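Visitor: I'm new to this structure and would like a close look at a single part of it. Could you pick one spot and walk me through it, then show me what surrounds it?

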Amino acid sequence: SNKSNLELKKQVLPNHLERGFFEALKLSAKEHGYTGLFSSTRYLVRRLRDHFLQLFSRIVPWSGLRVRLQRLRGVSIGKNVMIGPQVTIDDVYPNFVFLEDGVSLAGQNFILSHNKPLEFHKNISESFVEPTVIEKDAWVAIGAIVLPGVRIGEGAIIASGSVVTSDIPPHVLAGGVPAKVIRKFSMKNGRPVGYEKVK
């Protein structure tokens, strides 16, 4: 999975304007690289398929099945990953989300990879899609939200209800809105054994 997350780079997206269904579909198909004959239809079929895979993955009772369904959507998922109930992984750009080996998403999380402000807000908020990477053995606790383009470091813990707006270093506990580093872990043989003393 690491190879492809290096190939995907941040891309600028057009701003959001409310449009009629068919016009919006045509523009979305183009934005997603669909061209030629029946490009809108092909895109619509994929979008519907992804939508139902996402819905099922939110409600099925087994993590292993949720992982499979999210992989079918294009999310890059390593080994021994746990996805809890009611997790939503970016609806439109699932292929920009990378969950490395041993990651745990506790449940009721949103993992986003794109931001599409209204045309009205275009001067103050950027419209883009960017890889969101959750590194090996990181644990995103219940209700935490991870915003687009963020990298959560190896083995980090994101506290419940946090909103992660910027990169989090490895081996720390981070929490809050926006999430900040609260404590660093003391490590022994590559595993956390406690917290470092606060100086």
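Guide: Let's start at one strand and work outwards from there. One thing to keep in mind is that this is a predicted model.

Our spot is β13, a short strand covering residues 151-152. It belongs to an open sheet of four strands, in the order β2-β5-β10-β13, with parallel pairing. β13 and β2 (76-77) stand at the edges with a single partner strand each, so one side of each has no neighbour in the sheet. As a bit of background, strands of a sheet pair through backbone hydrogen bonds, either parallel or antiparallel.

Which strand does β13 pair with? The partner is β10, residues 132-134, and the two run in the parallel sense over two bridges. If you want a pair of residues to find on screen, look for V133, whose bridge partner in β13 is R151.

Stay on R151 for a moment, as its side chain has a partner too. R151 forms a salt bridge with E135, and the closest N and O atoms are 2.7 Å apart. E135 sits in the loop between β10 and β11 (139-140) while R151 is in strand β13, so this pair ties together parts that are 16 residues apart in sequence. Are the two residues buried or exposed? E135 is buried, because its relative accessible area is 15%, and that is under the 20% cut-off. R151 has a relative accessible area of 30%, so it counts as partly exposed.

Another salt bridge involves the loops here: the side chains of E154 and K136 meet at 3.7 Å, N to O. This pair also links distant parts of the chain, with E154 in the loop between β13 and β14 (157-158) and K136 in the loop between β10 and β11, 18 residues apart. E154 is partly exposed, at 31% relative accessibility, and K136 is partly exposed as well, at 35%.

Now for the nonpolar side of things. In soluble globular proteins, nonpolar side chains tend to be buried together. Here the largest nonpolar core has 26 residues, and those that touch the most other members are I83, I89, L99, L105, I134 and I152. β5 (97-99) and β16 (172-175) are the elements that give two or more residues to this core. L99 is a good one to click on: leaving out residues up to four places away in sequence, it touches V75, S76, I77, G78, V81, I83, I89, L105 and I134. Apart from this core lies another, of nine residues, including Y43, V92, Y93 and V129.

Let's go back along the chain a little, to the loop between β12 (145-146) and β13, where you'll find L147. L147 has a relative accessible area of 27%, which means partly exposed. What does L147 contact, leaving aside its neighbours within four places in sequence? The list is L112, T132, V163, V164 and T165. Take V164 from that list: L147 and V164 are 17 residues apart in sequence, but their C-alpha atoms are 6.0 Å apart in space.

β12 leads us to another sheet. This one is open too, with four strands in the order β4-β7-β12-β15 and parallel pairing. Its edge strands are β4 (88-89) and β15 (163-164), each pairing on one side only. β12 and β15 run parallel and are joined by two bridges, and the bridge partner of I145 in β15 is V163.

For an antiparallel pair, look further along the chain. Strand β17 (residues 180-188) runs antiparallel to strand β18 (residues 191-195), with four bridges between them. M187 stands opposite P192 in β18. This hairpin has two residues between the strands, and N189 takes a positive phi near 50° there.

Last stop, the surface. L48, F52, L55, F56 and I59 make a nonpolar surface patch of about 500 Å². F52 lies in helix α3 (residues 39-59) and is partly exposed, with a relative accessible area of 42%. For charged neighbours in sequence, try R46, R49 and D50, which are linked in a network of salt bridges.

Key: Residues numbered from 1 in each chain as written. Predicted model: local features only at pLDDT ≥ 70, side-chain atom pairs only at ≥ 80, totals over all residues. Heavy atoms only, no water. Patch = residues over 30% accessible without salt bridge, like charges linked within 9 Å, V, L, I, M, F, W, Y side chains within 5 Å. Areas by Shrake-Rupley, 256 points an atom, 1.4 Å probe, with all protein chains shown as cover. Salt bridge = Lys/Arg side-chain N within 4 Å of Asp/Glu carboxyl O. Buried < 20%, exposed > 50% of the residue type's maximum accessible area, 1.4 Å probe, protein only. Pairing = 2+ DSSP bridges. Core = buried A, V, L, I, M, F, W, Y, C linked by side-chain atoms within 4.5 Å. Contact = heavy atoms within 4.5 Å.
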